[in-house]
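Student: I would like to go through some labels and the cut-offs behind them. Please show me the model.

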Amino acid sequence: MEKDNSHMSSSSLKERFSQLSAKYDKLDLENDQLLSLQIIDKLSPHKGGNLLTRLAVIVGIVVLVVVVSAGVLLKSGWLLRNEKLVSLYFRWYDMDPAEEMCLVESQELAMDFLRPPVKCDFCKDVHAVERVRNLSQVDFERKFAYSARPVIITDGMANWTAPEHFSFNFFKKVYGKDSPVYSNERDCQFFPYKTDFDSLADVFNMSQDRAELKDGSKPWYIGWSNCDSLATNILRKHYKRPYFLPEASESSKTDWIFMGSPGYGAHIHV
């Protein structure tokens, strides 16, 4: 049965240490031999691993405090009510408050981590994407509209002239230099996805070789909302409302355009 040394007196500990010290002197050990003992290694407070662990914990706590504090301040509205602080923020980043839609842009990585869990039971029995044609409005609404089942309607662009006209150079000519599509207005949105483009103007300024993916050019995929009424009149000559959509179904007045190289696309919409 092991002895319980938790209640040893100070004098007993001193006596025990003196005995160990006498044995150490009698054995005539080198310092390196003493330090190599496992017990010494475990008791060392300056061990590299322990130091890194402590630093990681401290950094984690600091980050957590900052994030929680920022969240509380934003939720309370104190940051937005502080006019001096907001004014300093816009001045620091050389931004015009009248033109900015958001105070802080949401980060894609943060959105992925903070996305709430989604149940995917509705697609557990989906093993293939059905391909159909000549689909009536009734059948589309009954089978696919609210079933969350994917479908490819092969004749969805019947009688459209868009495939013969739409191209990189076509869109580049449709939008003039003063087109609102290049602005930061609320209805004029641009999605660069995983490209190096900052705006639609950057897209149309790319080289022709990259636009046509020649000589191993870097692939790209982007999207934008068409907020140019003049361009709308031109674009809608080449497409119309898909025939299979029910009359009662709603649609946005703003058309969205997505364009890019094969193999790339937008993230899955959950």
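Student: Along strand β5, which side chains point to one face and are buried, and which point to the other?

Tutor: In β5 (residues 255–260), D255, I257 and M259 point to one face and are buried, while W256, F258 and G260 point to the other and are not. Buried means under 20% relative accessible area, exposed over 50%, and partly exposed in between (1.4 Å probe, protein chains only). Helices (H or I, at least four residues) and strands (E, at least two) are DSSP runs numbered from the N terminus. This is a predicted model: local features need pLDDT of at least 70, side-chain atom pairs count only at pLDDT 80 or more, and totals for chains, interfaces and linings use all residues. Residues are numbered from 1 along each chain as its sequence is written, and side-chain values use heavy atoms, without hydrogens and water.

Student: What makes β4 and β5 a pair?

Tutor: Two strands pair if DSSP finds at least two bridges between them; β4 and β5 run antiparallel and are joined by six. W224 has I257 in β5 as its bridge partner.

Student: Why is the pair of F168 and W220 called edge-to-face?

Tutor: Rings of Phe, Tyr and Trp (its six-membered ring) pair if their centres lie within 6.5 Å; planes under 30 degrees apart count as stacked, over 60 as edge-to-face and the rest as tilted. The centres of F168 and W220 are 6.3 Å apart and the planes are at 65 degrees, so the pair is edge-to-face.

Student: Why does W220 count as buried?

Tutor: Its relative accessibility is 3%, so W220 counts as buried. F168, at 8%, is buried too.
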